[in-house]
There are 2 protein chains.
Amino acid sequence: MATRGRPRTFDPDTALRQALDLFWERGYEGTSLSDLAQAMGIASASIYACFGSKEDLFRQVMALYGTTSGEPPRRALHEHPTTRAAIHAMLRATADEITRPDAPHYCMLILAAPTGAVENRAIQEFLADLRRDMRTAVQDRLARGVADGDLTAPPAALDAIARYYTTVVQGLSVQARDGATRAELEAVITCAMAAWDTLTSAPSRTGA
Amino acid sequence: MATRGRPRTFDPDTALRQALDLFWERGYEGTSLSDLAQAMGIASASIYACFGSKEDLFRQVMALYGTTSGEPPRRALHEHPTTRAAIHAMLRATADEITRPDAPHYCMLILAAPTGAVENRAIQEFLADLRRDMRTAVQDRLARGVADGDLTAPPAALDAIARYYTTVVQGLSVQARDGATRAELEAVITCAMAAWDTLTSAPSRTGA
DNA sequence: CTGTTTGTTTGTCGATCGACCAACAAACCG
DNA sequence: CGGTTTGTTGGTCGATCGACAAACAAACAG
């Protein structure tokens, strides 16, 4: 069962990358199928044949986005020995990604479809789920820090701290979208990390 | 030059409020003129006669939004005696607004049109300008704190601190959008304020 | 009353939306 | 070679988009 029938004239990976670029620039609702077909260099019917519907295509695009742009922040979170360094590096990796000169200056996950028409609600919640996963990843890293012994904080505070740094990441995306430079984001990150010692030393009345 | 011609059968303020509710729920691109006409209880032609185009209507909606939902955070920023209390109160007022049970759980200014189709770029930049005004307002409040003598920080640090707390506000909106409760936002705010003493006491290497 | 002014209703405009079908094209199987 | 399978092209579908024009309705001026 090798290759049967007419072979594809386009590379699905390349086409997916081109779809990613367009969705990234215009968001989910702002990108039409004819725009996509033109950018991908194929007819819209080929999109349906290869990727399914517009919604299916977008989900595949987001998977690609996660393994490319999403990777540096995720890796930063995992690869640094101390929790503090991991969080700091994640913020900086995020800032790097959202100020790259060759791509829109924001995180797709956060701004591609935060609101929209009722018929696109499934996509909005799909992205919301991925964002909640972001927070879970941060929270897991904090828990690992407690296990490693380099972080001491009450379990209730871990929730708050994880949500706090996730909030900063999401705010950074809006800042970059509005024209903040890499250096300006760095200054924000420095401010955000200024809370670290207080959050991880005091008995911390950050409950909820 | 009293009332000439046929009088209006609807109240423009009420209609604008209804348009606000719909734009708030679905964003700019996700809201169609027929949706608006139905929600406002008038024909689409009456929208054009009274408010101009969809874009004009949205700008008027945002003006109303600014004087209603935008007012509590703005007032908090101005009315508290110390800078620290003002920033803290602004964050809490924001959290109050974006978790009200009778409205969508996010700030329209931030999430109604962060990205979108090319033909709507003017609206996206219109909102971006308003968001930059947010940061300017925070920065002005910090400058006032320096003048009042309750805040000591190098001028360069003021930029960073203002952008930092603006970033937190914008991140809070994404958190609320994704289901965070008022209490969870409060915990985030507590974390964000934990940086305050460090930011406003140390010589502060937050340059850029 | 008539004429003017203003607002509303109805209908429609060309364009575009996402989705898909039928016809055609190019590979492999035997 | 013919038959099968798969992909692509061009066309089309009903629905809807934002925007407006024409016709009708209700107030005032005189």
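# Two protein chains and two DNA strands: setting values against definitions

Mentor: Start with chain A: 52% of its 208 residues are buried. Buried means under 20% relative accessible area, exposed means over 50%, and partly exposed lies in between, with a 1.4 Å probe and protein chains only. This is a predicted model, where local features need pLDDT of at least 70, side-chain atom pairs count only at pLDDT 80 or more, and totals for chains, interfaces and linings use all residues. Residues are numbered from 1 along each chain as its sequence is written, chains are lettered from A and ligands numbered from 1 in the order written, and side-chain values use heavy atoms, with hydrogens and water left out.

Trainee: What makes up the secondary structure of chain A?

Mentor: Chain A has 11 helices and zero strands. Helices are DSSP runs of H or I with at least four residues, strands are runs of E with at least two, and both are numbered from the N terminus. The C-alpha atoms of chain A fill a box of roughly 65 × 45 × 35 Å along the principal axes.

Trainee: How many of the contacts in chain A join residues at least 24 apart?

Mentor: It is 68%, counted among contacts between residues at least 6 apart in sequence. Contact means heavy atoms within 4.5 Å.

Trainee: How many disulfides does the whole structure hold?

Mentor: The search over all chains finds zero. For A:Cys107, the nearest cysteine sulfur is that of B:Cys107, 19 Å away. A disulfide needs two cysteine sulfur atoms within 2.5 Å, so A:Cys107 is in none.

Trainee: Why is A:Cys107 called buried?

Mentor: Its relative accessible area is 14%. That falls under the cut-off, so A:Cys107 counts as buried.

Trainee: What span does helix α4 of chain B have, and what is expected?

Mentor: Helix α4(B), residues 54-67, reaches 20 Å from its first C-alpha to its last. The expected span is 1.5 Å times one less than the number of residues. With 14 residues, α4(B) comes close to the expected 20 Å.

Trainee: Which residues of α4(B) are buried, and why are they placed on the same side?

Mentor: They are B:Lys54, B:Leu57, B:Phe58, B:Val61, B:Met62 and B:Tyr65. They cover an arc of only 140 degrees around the axis, so they sit on the same side of α4(B). The arc is that of the directions from the helix axis to the C-beta atoms. Their cover includes α1, α2, α3, α7 and α8 of chain B.

Trainee: What about helix α5 of chain B?

Mentor: In α5(B), residues 71-79, B:Pro73, B:Ala76 and B:Leu77 are buried. Their arc is only 100 degrees, which puts them on the same side of α5(B). α6 and α8 of chain B are among what covers them.

Trainee: Why does B:Arg177 count as buried?

Mentor: B:Arg177 has a relative accessible area of 12%, so the definition of buried is met. B:Arg177 lies in helix α9 of chain B. It touches residues of both chains, including A:Pro114, A:Gln124, B:His105 and B:Tyr106.

Trainee: Where is B:Asp178, and why is it called buried?

Mentor: B:Asp178 is in the loop between α9 and α10 of chain B. Its relative accessibility is 10%, so B:Asp178 counts as buried. Not counting residues up to four places away in sequence, B:Asp178 touches A:Ala128, A:Arg131 and A:Arg132.

Trainee: Which residues come nearest to DNA strand D?

Mentor: Of the 23 residues around it, A:Arg6, A:Phe10, B:Leu33, B:Ser34 and B:Tyr48 come nearest. Sugar and phosphate account for 73% of the strand D atoms within 4 Å of the protein. A residue is near a strand if one of its heavy atoms lies within 4 Å of it. The largest share of the surface near strand D, three residues, comes from α3(B).

Trainee: What makes the pair between B:Tyr48 and DNA strand D a polar contact?

Mentor: A polar contact is a pair of N or O atoms within 3.5 Å. A side-chain N or O atom of B:Tyr48 is 2.7 Å from a phosphate oxygen of strand D, so the pair qualifies. B:Lys54 also has a polar side-chain atom 2.9 Å from a phosphate oxygen of strand D. A:Arg6 places a polar side-chain atom 3.2 Å from a base nitrogen of that strand.

Trainee: Which residues come nearest to DNA strand C?

Mentor: They are A:Thr3, A:Leu33, A:Tyr48, B:Arg6 and B:Phe10, out of 24 around it. Sugar and phosphate make up 72% of the strand C atoms within 4 Å of the protein. A backbone N or O atom of A:Leu33 lies 2.7 Å from a phosphate oxygen of strand C. The side chain of A:Ser34 has an N or O atom 2.9 Å from a phosphate oxygen of strand C. α3(A) gives the most to the surface near strand C, with three residues.

Technical notes:
A polar contact is a pair of N or O atoms within 3.5 Å; within protein, one must be able to donate a hydrogen and the other to accept it, and residues adjacent in sequence count only if both atoms are side-chain atoms.
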